[in-house]
Amino acid sequence: WVTLRAVWWAFFGVRRKTDYHRDATSLDPRAIVIAGVLGGLVFVLVIVAFVRFIVATTQ
């Protein structure tokens, strides 16, 4: 959960300096990359689903 929270804050773009340093020393880089890729994929899929919904309701 700590890794997912760190990736969420990275997507959001706001992070305290102390939290960043704590995460940088304690988290596994592979887990961060995997969580980032999965988070990005989920984000893109949500955007695509939202756009398809909007396009379908306006036709």
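User: Before we start, how is buried defined here, and is Thr3 buried or exposed?

Analyst: Buried means under 20% relative accessible area, exposed means over 50%, and partly exposed lies in between (1.4 Å probe, protein chains only). This is a predicted model, where local features need pLDDT of at least 70, side-chain atom pairs count only at pLDDT 80 or more, and totals for chains, interfaces and linings use all residues. Residues are numbered from 1 along each chain as its sequence is written, and side-chain values use heavy atoms, with hydrogens and water left out. Since Thr3 has 17% relative accessibility, Thr3 counts as buried.

User: Where is confidence highest in the chain?

Analyst: On pLDDT (the predictor's confidence in each residue, from 0 to 100), the chain averages 84, and 100% of the residues score at least 70. The mean is lowest, at 75, in helix 2 (residues 17–26), and the highest value, 92, goes to helix 3 (residues 29–58).

User: Which residues does Thr3 touch, leaving out those up to four places away in sequence?

Analyst: Thr3 sits in helix 1 (residues 2–12); helices here are DSSP runs (H or I, at least four residues), numbered from the N terminus. With contact meaning heavy atoms within 4.5 Å, the partners of Thr3 are Leu27, Ala31, Ile32 and Ala35.

User: What do Thr3, Leu4, Val7 and Phe11 in helix 1 meet in helix 3?

Analyst: Helix 1 and helix 3 pack with their axes 9 Å apart, the axes being lines fitted to C-alpha atoms over the stretch in contact. On the helix 3 side, those four residues meet Ala31, Ile32, Ala35, Gly36, Gly39 and Gly40.

Terms used. Helix = DSSP H or I, 4+ residues; strand = E, 2+ residues; numbered from the N terminus. Axes fitted to C-alpha atoms, helices over the stretch in contact; angles between N-to-C directions.
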